[in-house]
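Hello,

Here is the structure I promised to pass on to you. Have a look at it first, and then read my notes below.

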Amino acid sequence: MTKGADAVAEILRRAPILSGLDPEDLAALAAMTTLRDVPKGGALFAEGDEAKGFFVCASGKLKVFKTAPDGREQILHFIFPGETFAEVALFAGRAYPASAQALEAGTVAFIPREGLFRLVKKRTDIAFKLLAGSALWVRRLTDLIAEYSKAVPSRVAGYLLAEALRQRPTALADGARVRLAVNKGELAAHLGTVAETLSRAFAKLRDEGVIEVEEREITIKDLAALRDLAS
């Protein structure tokens, strides 16, 4: 592979559903992949657009969201480097079921539907990995719906635990620090609330000695209490 193809292949290799490809198949996939630079606020696709392929986040961060008829936005997922998104549309139909937009400038790798399906015919195990990735998205949506039945402080606790595990999976203990990867407005839209209610939830956890808050840096003071609240 050329130097440029090597870089694309490395981006794809970081995605769990593609990490098991042998060098030859990875090179074939990299050859059909295009890199797209996305500015902050840039849209990748809108709900209802034709699903022409799926994506791997190479750098930056994005949101996948739906917009209600009244204009309110519900953020379904945040996407970070190494994560794939929009693969559900490859199996669920020809249209993207939600929209995707960059929260900060970054780069994504785009894998076209037709080229991917040609590779799937050769490597059927890739189809199972894609289905597993799709199942993970469905599980996340199910968990998100379940979270909405909880009080906002419990939703915040669950988010902080998940984010702590994502950022430092081997260092989850009292004193662990979590940096909020998104601003409070974006987090509120993800947790199904508004910024003012979210701020009150953070204040409640702080006043109860569960966390300390310093702008976007959160310190977990009582991990057991945070887990109890999340559950």
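**What I found**

Let's begin with one pair of residues: Val56 has Thr84 in β6 as its bridge partner. One caution before we go on is that this is a predicted model.

That pair belongs to a contact between two strands: β3 and strand β6 (residues 84-85) run antiparallel and are joined by two bridges. β3 also has a partner in strand β8 (residues 106-112), again antiparallel, with six bridges between them. If you want a place to find this pairing on your screen, look for Gly53, which stands opposite Pro112 in β8.

Is β3 mostly covered or mostly open? It is mostly covered, with six of its seven residues buried.

Now for the nonpolar cores. The largest one has 39 residues, and the members that touch the most others are Leu12, Leu44, Phe55 and Phe85. Strand β3 (residues 53-59) gives this core its largest share, five residues. To see how one of these members sits, try selecting Leu12: beyond its neighbours within four places in sequence, Leu12 is in contact with Leu18, Leu26, Leu29, Ala30, Thr33, Val56, Ala109 and Ile111. Another core, of 33 residues, lies apart from this one, and Ile75, Phe80, Ala188 and Ile218 are among its members.

Next, please turn to helix α8. This helix covers residues 195-207, 13 residues, and spans 18 Å from its first C-alpha to its last, close to the 18 Å expected at 1.5 Å a residue. Which of its residues are buried? They are Leu198, Ala201, Phe202 and Leu205. Seen down the axis of α8, the buried residues fall within an arc of 95°, so they line one face of the helix. The general reason is that an α-helix has 3.6 residues a turn, so residues three or four places apart point the same way. On the other side of α8, you will find Glu196, Arg200 and Asp207 exposed.

What covers the buried residues of α8? The cover includes the helices α6 (152-167), α7 (184-191) and α9 (223-230), together with β10 (211-214) and β11 (217-220). Just after α8, have a look at Gly209, which takes a positive phi of about 80°.

Finally, here is the whole protein in a few numbers:

- Its secondary structure comes to nine helices and eleven strands.
- Of its 231 residues, 45% are buried.
- Its accessible surface is about 11500 Å², and carbon and sulfur atoms account for 56% of that.

Enjoy exploring!

Best wishes

Definitions and conventions. Residues are numbered from 1 along each chain as its sequence is written. This is a predicted model: local features need pLDDT of at least 70, side-chain atom pairs count only at pLDDT 80 or more; totals for chains, interfaces and linings use all residues. Side-chain values use heavy atoms; hydrogens and water are left out. Helices (H or I, at least four residues) and strands (E, at least two) are DSSP runs, numbered from the N terminus. The expected span of a helix is 1.5 Å times one less than its number of residues. Buried means under 20% relative accessible area, exposed over 50%, partly exposed in between (1.4 Å probe, protein chains only). The arc is that of the directions from the helix axis to the C-beta atoms. Contact means heavy atoms within 4.5 Å. A nonpolar core is a set of buried Ala, Val, Leu, Ile, Met, Phe, Trp, Tyr and Cys residues joined through side-chain atoms within 4.5 Å. Two strands pair if DSSP finds at least two bridges between them. Accessible areas come from the Shrake-Rupley method with a 1.4 Å probe; for residues, only the protein chains shown count as cover.
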